[in-house]
Number of protein chains: 2
Amino acid sequence: MSLFSKHESTIKKAIEALHSREFFAAYTEHPSPTVYGETADADGKEKFKAMRKKKFEELKQTNEESWVGQEESPYFSEPLGATYPSFSTATLIERANKSFHSWRKVSPSDRAGILMESLEGMKSRFFEIAYATMHTTGQGYMMAFQASGPHAADRALEAIAAGYEELNRFPAKAMWDKPMGKYNIQLNKEWRAVPKGISVVIGCSTFPTWNSVTGIYGSLMTGNSVIVKPHPGAILPIAIVVAEIQKVLAANNMDPNTCQLAVDTFDKMITKELAEHKEVKLIDYTGNSAFGSYLEALPGKTVFTEKTGVNSVILDSADDVDKVAANLAFSINLYSGQMCTAPQNFYIPEGGITTASGKVSFDEFAQKLVDNINSLIDNPKAGPFVLGAVQNKKTCDRVVEAEKIPGKVWLKSRSFENPIFNKARVATPVIVEVDGSKKEIFSKELFGPIALLIKTKNTDESIALAKDMAIQHGAISCGAYTTSSDVKEKIADEMALAATPVSFNLTGGIYMNQNAAFSDFHVTGGNPSGNASFTNPEYVTKRFTWVGHREPVKV
Amino acid sequence: MSLFSKHESTIKKAIEALHSREFFAAYTEHPSPTVYGETADADGKEKFKAMRKKKFEELKQTNEESWVGQEESPYFSEPLGATYPSFSTATLIERANKSFHSWRKVSPSDRAGILMESLEGMKSRFFEIAYATMHTTGQGYMMAFQASGPHAADRALEAIAAGYEELNRFPAKAMWDKPMGKYNIQLNKEWRAVPKGISVVIGCSTFPTWNSVTGIYGSLMTGNSVIVKPHPGAILPIAIVVAEIQKVLAANNMDPNTCQLAVDTFDKMITKELAEHKEVKLIDYTGNSAFGSYLEALPGKTVFTEKTGVNSVILDSADDVDKVAANLAFSINLYSGQMCTAPQNFYIPEGGITTASGKVSFDEFAQKLVDNINSLIDNPKAGPFVLGAVQNKKTCDRVVEAEKIPGKVWLKSRSFENPIFNKARVATPVIVEVDGSKKEIFSKELFGPIALLIKTKNTDESIALAKDMAIQHGAISCGAYTTSSDVKEKIADEMALAATPVSFNLTGGIYMNQNAAFSDFHVTGGNPSGNASFTNPEYVTKRFTWVGHREPVKV
């Protein structure tokens with residue numbers, strides 16, 4: 001049985017899900033022993049431990065120039081010690097070029113089969129990847145498992161499915177038969193989906209697999225060769241994924257350099273050299289806006305970015321304001337505000353929030369939010385695992401700085417004890433009240449656990465500010481609470497014009513930070529937070545070119 | 001019956017044709033009296049005559065600032081005399097902004113119905129448009145009728161169909177029902193296709209409707225308002241189309257400013273002012289590469305370009321070389337080389353072309369080509385109508401310059417008599433032999449009736465040069481003649497990598513210059529000749545953004 005036949009039904013289901021947008025997941029998000037095996041977690045932990053202070057020798061890239069690696073665990077607060085083979089840009093490009101010309105000739109079905117099989121390999125290592133993710137990004141265990149494992153694999157499958165569908169959108173051949181009156185002109189036509197060439201995928205430090213696999217699998221599915229350039233602070237999780245891809249390529253007698261890992265170090269980053277290389281046609285990037293905008297402006301490249309944004313929450317009215325505060329407190333605490341979808345600006349009318357039992361004042365709501373944040377942090381069975389650790393020391397500095405923002409500090413950042421990792425770098429949220437007129441304060445992303453409670457004249461001003469932030473500075477998510485259908489439609493319409501998806505009235509176990517493969521588009525591509533979307537048709541169609549040839553039918 | 005119901009079956013057929021790529025045409029390309037009416041041609045001519053030296057008062061744009069118009073007929077060699085209302089950029093943008101917010105709320109079906117109805121209006125004026133096209137572009141009557149009338153309308157329908165399909169690609173609503181073990185999370189989700197805003201469509205002087213209607217209809221279909229900025233030398237044909245669109249809008253109680261005409265003059269062009277305006281989000285452009293590249297680099301805009309290229313013909317082997325020469329002679333003569341798909345560089349091996357009856361030498365083939373060109377020009381029933389007139393005096397200057405190219409001049413440009421228009425500006429092809437080593441000579445577009453016969457070492461060098469030209473300077477079309485399946489596949493593969501469609505072994509009544517709506521992608525978007533393609537999915541998906549909102553299902 002071909003690899004494609006083996007995985008065909010999953011690909012078909014994924015394509016259906018992309019169209020229906022209904023719930024679908026091919027990989028189980030819970031680290032369940034019944035799904036993954038009784039010892040899978042413990043085995044994964046041991047394998048991760050064994051990778052520390054060692055060379056990562058699983059890659060099939062030969063003749064490395066040196067071994068490098070500078071990762072640090074935010075939980076251990078010490079270097080991870082893993083090292084990776086390093087290669088010059090010239091070597092990487094030469095190998096990518098060579099592998100491109102064989103990979104591009106592999107049929108879409110065979111490519112899909114190989115890529116699906118590599119996801120099976122990734123699945124067998126979800127726990128190793130989870131621990132590697134924890135100890136590079138600082139994510140809590142559950143998020144690390146879900147985001148870097150099953151959720152990432154589902155996003156990769158999404159890219160495979162979208163690519164497969166688009167490559168089959170037009171026929172390989174057709175006969176064009178034009179009546180001319182007394183005779184017909186008949187042409188045999190054929191269409192080729194021509195991949196663009198070498199693709200460079202630039203990873204970020206907080207979601208090293210989730211944010212990279214879509215570009216990797218999107219480019220590979222459409223016939224391009226890929227160079228994966230991870231963030232020097234978060235290599236191991238994606239190194240495991242690349243190793244699995246190379247393993248399947250080699251097992252099928254294909255060039256493992258079709259997908260290369262390009263590791264660099266903080267003191268000698270190779271990202272610009274790679275991105276600017278004339279042979280590089282495709283660039284995927286997740287990270288800060290300045291570098292993302294530089295990449296977008298490079299001439300002659302097709303660039304897919306996820307940059308930063310200012311995410312808003314509009315508070316107008318609610319049935320039960322306590323449930324709202326509990327839900328938002330979780331969103332703020334989750335991974336210490338280090339998600340690109342985390343809320344930052346909370347717009348609350350000076351007259352308060354309308355509820356079934358009357359108005360809840362600005363101050364009352366602020367206090368409820370603070371209380372909920374604190375009670376989650378102080379719950380030893382939940383807090384440390386929800387907040388996790390802080391990936392970058394600069395984030396802690398930013399949190400301290402945030403306390404100096406002019407306005408009432410409702411909650412100061414503080415420390416807490418992680419019951420497992422006593423040296424973990426942690427930071428709890430800082431909450432500051434800001435007046436709606438002080439736009440200069442809240443008109444930028446304050447990455448990390450920093451929330452601003454912005455006092456507005458009314459909900460109309462809240463909407464106008466949230467919309468303006470999204471248009472000027474980008475936004476990836478928006479939360480809104482209202483019991484009025486008119487206000488809801490106004491928010492839906494205005495935020496849609498700012499290309500920002502809105503989660504309305506979330507309470508209970510679902511959060512605005514989360515978004516689901518096959519249903520939620522991640523980033524819309526329509527505001528400055530990024531120019532691409534997981535996974536809309538453009539995300540894959542821009543990776544290849546339709547070229548049609550024709551010839552008269554021989555009589 | 002709604003306008004959508006009236007046209008639904010045509011839209012459905014067009015969508016099917018876009019997928020099958022088989023022959024389809026909704027508008028009859030022959031100016032047949034049985035289709036268009038016995039007096040349609042004569043009536044159209046009269047109406048065109050009546051438009052000369054008059055104000056064009058059909059537009060529903062009010063409060064013009066002045067009346068301007070500088071068109072000249074290349075056949076009469078005198079001004080057309082029509083004038084058009086002119087508006088400031090500020091007025092155009094203000095009106096476009098206002099109309100955008102009503103038009104974006106019109107349903108895709110209603111938009112499609114209105115746009116289809118406007119094409120019916122256009123159809124009723126195909127002959128007027130044909131004469132207006134002749135007397136602005138210099139096209140011969142038959143090309144003017146076909147390209148500006150039925151072929152343009154089919155390309156517009158293509159954009160409507162592609163847009164309609166993409167707008168319906170994802171559901172407006174879905175229920176997302178995620179099993180969580182003991183309970184389900186249920187979200188009502190909705191997706192909105194949010195148009196980007198104001199679209200500016202910049203026309204060219206040679207194909208004033210064909211090259212503009214795709215952008216106009218693509219943008220309108222996807223909910224954007226459109227400002228049509230024609231070339232100051234070719235306004236009337238597209239003015240008639242815009243008037244028809246405005247007529248249908250007004251008849252359906254919609255704002256006619258949803259599609260505005262923005263006429264300027266050679267001495268005061270408003271293109272940059274419009275393109276750079278912050279409210280303008282979409283730009284469609286056909287024209288020279290320098291301006292096209294400037295537009296592509298404008299930050300924050302989605303830009304669709306068709307620029308220029310160097311089109312090649314690769315001559316390797318043929319069954320009947322005389323048929324080849326006849327076919328290519330027609331391609332060179334057609335509209336005096338002023339089509340963007342016209343061939344320029346003819347690569348012929350120094351050892352000659354292999355045929356069934358032995359080798360045909362370089363010189364023999366050159367002479368055959370020259371003889372065929374001459375005999376077509378000198379056929380009074382065909383020549384003047386195939387060549388037409390020259391739109392721009394600079395093209396004539398370029399033809400004269402071309403005779404100074406170092407190399408054997410096989411054919412000098414000359415004059416001929418047009419039996420109807422004795423003052424017509426005409427120029428016949430100049431044919432120059434160039435050695436394959438003199439790349440600097442043939443590495444640029446020489447717009448107009450200029451053909452270079454490039455002597456190469458062999459077919460491999462011919463292919464390498466054609467590919468390199470396309471990659472470096474762009475190419476929209478390529479012709480190739482070979483009887484070898486290996487050589488054919490090599491050309492198909494190499495030119496596909498240069499994103500250039502190849503017409504193989506064309507003889508008889510079909511030419512490499514031609515390409516058909518619903519089947520041939522016009523420009524691939526994959527080389528410097530342009531970044532967009534009529535009409536691939538991206539051509540419409542880039543005009544709007546998918547935004548998804550969600551809310552828990554109320555229990």
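**Figure 1. Helices H6(A) and H7(A) are oblique to each other.** This close-up comes from a predicted model. Helix H6 of chain A covers residues 126-137, and helix H7 of chain A covers residues 141-148. Their axes lie 8 Å apart and meet at an angle of about 120 degrees. That angle falls outside 65 to 115 degrees and is not over 145, so the pair counts as oblique. The crossing of H6(A) and H7(A) is right-handed. From H6(A), the contact uses A:Phe126, A:Ile129, A:Ala130, A:Thr133 and A:Met134. H7(A) answers with A:Tyr141, A:Ala144, A:Phe145 and A:Ser148. Sorted by class, this contact has 7 nonpolar and 2 polar residues, with no charged residues.

**Figure 2. Helices H18(B) and H19(B) run roughly parallel to each other.** Helix H18 of chain B spans residues 459-473. The angle between H18(B) and H19(B) is about 20 degrees, and their axes are 9 Å apart. An angle under 35 degrees counts as roughly parallel, so this pair qualifies. H18(B) passes H19(B) in a right-handed crossing. H18(B) brings B:Thr459, B:Ile463, B:Ala466, B:Lys467 and B:Ala470 to the contact. H19(B) brings B:Val487, B:Lys490, B:Ile491, B:Glu494, B:Met495 and B:Leu497. The classes here are 7 nonpolar, 1 polar and 3 charged residues.

**Figure 3. Chain B meets chain A.** Each chain gives 48 residues to the contact. On the side of chain B that touches chain A, six elements each supply at least two residues. Four are strands: S5 (173-179), S6 (184-195), S21 (502-504) and S22 (544-552). The others are helices H19 (485-497) and H20 (537-541). S22(B) provides the largest share of this side, 8 residues. By class, the side of chain B that touches chain A has 22 nonpolar, 15 polar and 11 charged residues.

**Figure 4. A two-fold axis relates the two chains.** Two copies of a chain are related by a rotation about an axis and a shift along it. Here the rotation is 180 degrees and the shift along the axis is 0.0 Å. This superposes chain B on chain A with an RMSD of 0.0 Å. Such a relation is that of a two-fold axis. Which C-alpha of chain B is nearest the axis? It belongs to B:Glu538, 3.2 Å from the axis.

**Figure 5. The copies meet through the same surface.** Of the interface residues of chain B, 100% are also interface residues in chain A. The copies therefore use the same surface to meet.

Conventions
Residues are numbered from 1 along each chain as its sequence is written. Chains are lettered from A and ligands numbered from 1 in the order in which they are written. This is a predicted model: local features need pLDDT of at least 70, side-chain atom pairs count only at pLDDT 80 or more; totals for chains, interfaces and linings use all residues. Two residues are in contact if their C-beta atoms, placed from the backbone, lie within 7 Å. Ala, Val, Leu, Ile, Met, Phe, Trp, Tyr, Cys and Pro count as nonpolar, Asp, Glu, Lys and Arg as charged, and the others, Gly among them, as polar. Axes are lines fitted to C-alpha atoms, for helices over the stretch in contact, and angles run from 0 to 180 degrees between N-to-C directions. A crossing is left-handed if the near helix is turned anticlockwise from the far one by less than a right angle, and right-handed if clockwise. Copies are superposed by least squares on the C-alpha atoms of residues with pLDDT of at least 70 in both.
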